[in-house]
Structure formats: C-alpha cells, structure tokens
Amino acid sequence: MKVNRLPSLSLLRTRLRLDPKTGFLYWRERSPAEFYRRQDAATWNAKHAGKRAGAEKGRGYRTVRINGISYHEHRIAYALHYGKDPGRLHVDHADGPSNKPSNLSLLTNQQNVRRRVRMNANNTSGVHGVYWSKASGKWVASIQTAGAKIHLGVFS
C-alpha cells in the first residue's frame, strides 16, 4: 500500500482519539457543520462516534479512511501522540503491530531495512550480505552502506 501524507494534525485531532494504553484509535463525534445536512451528522455519530476506527489489513495492521483516503493506523497514532507528522520516515513497531506510543519509533529507510529480522527467501547462506556465486563456485560477501555496495571478497 502506498503511504499517503497524513492530513493536518488539527483535522486528525478533531476526527480521532488515541487511547495510549491500547494504541487504538476511536472516532470522535462530528459536528453538523461538517455535513451538508444536519441529519447526516446525527446518523454518522450514531453509527461511528466512540467506536474503533479503521479496518484490519492483514498481519495485525490496520488502515483508517479519512475523506476517502486510506492511512496506516500506526502513522496516525504516532502523529496524535507526538504531535508531528512522521513525513517520509518509517514508523517502526518495536514489538509487533501494537500502536502503543511506547512501541512506536521513527526510522529512516536504511535503518528500517537494516532492522529487518527475516532473511530474503532466496538467501541460501543464512547470513546477510553473503551469497553463493554459481559462476565462481564460491561464496561472495558484500555490504551496502550510504547507497554504495562494497565488495568484501570471494571465499571457499
């Protein structure tokens, strides 16, 4: 899913409430001024106000739709708790998909990739940065830092 830029913090605060103990987002009541007809606000509030916002999107992660655009729940939770949009940074979950503020931190793309626990499915060595070269019949080691790939050597 594409990461959409969050709406303004003031809009998020008028629409949603974060429970810091659970990390859940809940819809706030909406005023009649936000709707074309007064009765639409009453209908919306009866159906949604006070209920958990968002929908499950797999692996425990959720998205929330605001004005027809989907946003990752953890990005909204981070913005509401810390008072700033995470922008282009990744909101990392230290311990699974919980959105408790103590579980969320910001990482650059490089930090996020480096923190990844699982190996790629095609990794045969079991070690990051080491792969089998069929051409040479040996193991090749390399690292990547600051966008540059550094060849470390070929080994038996």
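Start with the whole protein chain in view: this is a predicted model, and its radius of gyration is 22 Å, whereas a compact globule of 156 residues would have one near 15 Å. Turning the C-alpha trace along its principal axes, you will find that it spans about 75 × 30 × 25 Å. If you switch on a surface, the accessible area of the protein chain comes to about 10,500 Å², of which 52% belongs to carbon and sulfur atoms, and 28% of the 156 residues count as buried.

Next, colour the protein chain by secondary structure, which shows four helices and ten strands. Followed along the sequence, these elements come in the pattern α-β-β-α-β-β-β-α-β-β-α-β-β-β. Among contacts between residues at least 6 apart in sequence, 35% join residues that are at least 24 apart.

Now select strands β3, β4 and β5, which form an open sheet in the order β3-β4-β5 with antiparallel pairing. Because β3 (55-56) and β5 (69-72) stand at the edges and each has a single partner strand, one side of each is left without a neighbour in the sheet. Zoom in on β3 and β4 (residues 62-66), where two bridges join the strands in the antiparallel sense, and look for A55, which stands opposite T63 in β4. Then add helix α3 (residues 73-82) to the selection: this helix packs on the sheet, where it touches β4 and β5, and its direction makes about 70° with that of β5.

From here, move to the largest nonpolar core, which has 18 residues; those with the most contacts inside it are L12, L16, L25, V64, I66 and I76. To see which elements contribute, select β1 (16-19), β2 (24-27), β4 and α3, each of which supplies at least two residues of this core. Which element gives the most to this core? That is α3, with five residues.

As a last stop, centre the view on V64, one of the core residues with the most contacts inside the core, and show what surrounds it. Leaving aside residues up to four places away in sequence, V64 touches L16, L25, W27, A53, G54, I69, S70, Y71, E73 and I76. Among these neighbours, L16, L25 and I76 are themselves listed with V64 as core residues with the most contacts.

Terms used:
Residues are numbered from 1 along each chain as its sequence is written. This is a predicted model: local features need pLDDT of at least 70, side-chain atom pairs count only at pLDDT 80 or more; totals for chains, interfaces and linings use all residues. Side-chain values use heavy atoms; hydrogens and water are left out. Two strands pair if DSSP finds at least two bridges between them. Contact means heavy atoms within 4.5 Å. Axes are lines fitted to C-alpha atoms, for helices over the stretch in contact, and angles run from 0 to 180 degrees between N-to-C directions. A nonpolar core is a set of buried Ala, Val, Leu, Ile, Met, Phe, Trp, Tyr and Cys residues joined through side-chain atoms within 4.5 Å. Buried means under 20% relative accessible area, exposed over 50%, partly exposed in between (1.4 Å probe, protein chains only). The radius of gyration is taken over C-alpha atoms; the globule rule is 2.2 Å times the number of residues to the power 0.38. Accessible areas come from the Shrake-Rupley method with a 1.4 Å probe; for residues, only the protein chains shown count as cover.
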